[in-house]
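Work through the exercises below with the structure open. Try each task before reading its solution.

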Amino acid sequence: MEPLVSIVTPCYNSAAFIRETLESVIAQDYKNWEVIVVDDRSSDNTCQIVEVFTKRHECIHLIALNENGGVANARNIGMAASKGKYIAFLDSDDIWLKDKLSRQVNLMEKELLPLTFCAYKRINEQGKQISGQIPVPASVNYNALLAHNVVIFSTSMMLKSAIGDLKFSRAGHEDWIFLLQLLKRCGQGYGINQPLAFYRVRQNSVSSNKLKAIGYTWKIFRESEGIGFLRSAILLGRYAVSASLKRLR
């Protein structure tokens, strides 16, 4: 029996993209999965679109929240509802290639790994590819991830037992903070250097706002991780250089 993979998809006003995102899961050649879509009180017809999928596919579930609580809260609710041995995260505007799950599950089962992620390509809001392959290292530990976040969260898959009681905090770059805390527990994550996902770059996202991203990064170093001023300044410089080089690919 193939292990169950729980896919957590938080969404907010994602009507333009959620259909394509869910279709990329349905098209997976790995079939033992469930999707938990957590709608964060959307004001568009996101829920209606997802409900069509839930009626056609019993493994797709919708949790519609009564109040907007942010992406960290939505992910925590999705994790709490998950039943799988593994948890994968898929943002509501990103897309997986059909062998994404099978490659990760096969590797994690064979090597008994707690965390994997993969290379990806960028697309714009219209779905046009705007980058070549963004490569990932073979492995990453806490210090390496602290210096440069190489993991796009929609490419990550984690052993649920490794996550334990870990939860997302409500902060900018909450996915990075979560990964850092996870690596403190499990030591290393492992990369598959093949592009198995498309990451959608949106104009108004935190990642596209460079000044806001730098501010959130500084807070992670100083507040979340408790790093001293000088080391934080050095890490922030490395972050800026790495982010600039990534955008050139």
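The exercises cover a helix, two cores, two loop residues and several salt bridges.

The model is predicted: local features need pLDDT of at least 70, side-chain atom pairs count only at pLDDT 80 or more, and totals for chains, interfaces and linings use all residues. Residues are numbered from 1 along each chain as its sequence is written, and side-chain values use heavy atoms, with hydrogens and water left out.

**Exercise 1. Find the buried residues of helix α3, then name the elements they pack against.**

Step 1. Set the terms. Helices (H or I, at least four residues) and strands (E, at least two) are DSSP runs, numbered from the N terminus. Buried means under 20% relative accessible area, exposed over 50%, and partly exposed in between (1.4 Å probe, protein chains only).

Step 2. Go along α3, residues 71-81. A72, A74, R75, N76, G78 and M79 are buried.

Step 3. Look for their partners, taking contact as heavy atoms within 4.5 Å. The strands are β1 (5-11), β2 (33-39) and β4 (86-89). The helices are α6 (160-163) and α7 (174-186).

**Exercise 2. Which residues touch the most other members of the largest nonpolar core, and which element gives the most to this core?**

Step 1. Define the core. It is a set of buried Ala, Val, Leu, Ile, Met, Phe, Trp, Tyr and Cys residues joined through side-chain atoms within 4.5 Å.

Step 2. Pick out the hubs. The largest core has 36 residues, and F89, L145, M158, I163 and F178 touch the most other members.

Step 3. List the contributors. Two or more residues each come from α3, β4, β6 (115-123), α5 (142-147), α6, α7, α8 (210-224) and α9 (229-247). Helix α7 gives the most, with 7 residues.

Step 4. Zoom in on I163. Leaving out residues up to four places away in sequence, I163 touches M79, I87, M158, F178, L182 and R185.

Step 5. Look apart from this core. Another core has 29 residues, including I7, I60, A197 and Y199.

**Exercise 3. Place R41 and L112 in their loops: how exposed is each one?**

Step 1. Take R41. It sits in the loop between β2 and α2 (46-56). Its phi is near 60°, a positive value in a residue other than glycine. R41 is partly exposed, at 49% relative accessible area.

Step 2. Take L112. This residue is in the loop between α4 (100-111) and β6. Its phi is positive, about 55°, although L112 is not a glycine. L112 is exposed, with a relative accessible area of 72%.

**Exercise 4. Count the salt bridges, then trace the pairs formed by D91, R103 and E225.**

Step 1. Apply the rule: a side-chain nitrogen of Lys or Arg within 4 Å of a carboxyl oxygen of Asp or Glu. The count comes to 8 salt bridges.

Step 2. Trace D91. It pairs with R75, with the closest N and O atoms 2.9 Å apart. D91 lies in the loop between β4 and β5 (95-96) and R75 in helix α3, so the pair ties together parts 16 residues apart in sequence. D91 is partly exposed, at 21%; R75 is buried, at 2%. R75, D91 and E174 are linked in a network of salt bridges.

Step 3. Trace R103. Its partner is D99, and the closest N and O atoms are 2.7 Å apart. R103 is partly exposed, at 36%. D99 counts as buried, at 18%.

Step 4. Trace E225. It bridges to K184, with the closest N and O atoms 3.1 Å apart. The pair links distant parts of the chain, 41 residues apart: E225 is in the loop between α8 and α9, K184 in helix α7. E225 is buried, at 12%, while K184 is partly exposed, at 47%.
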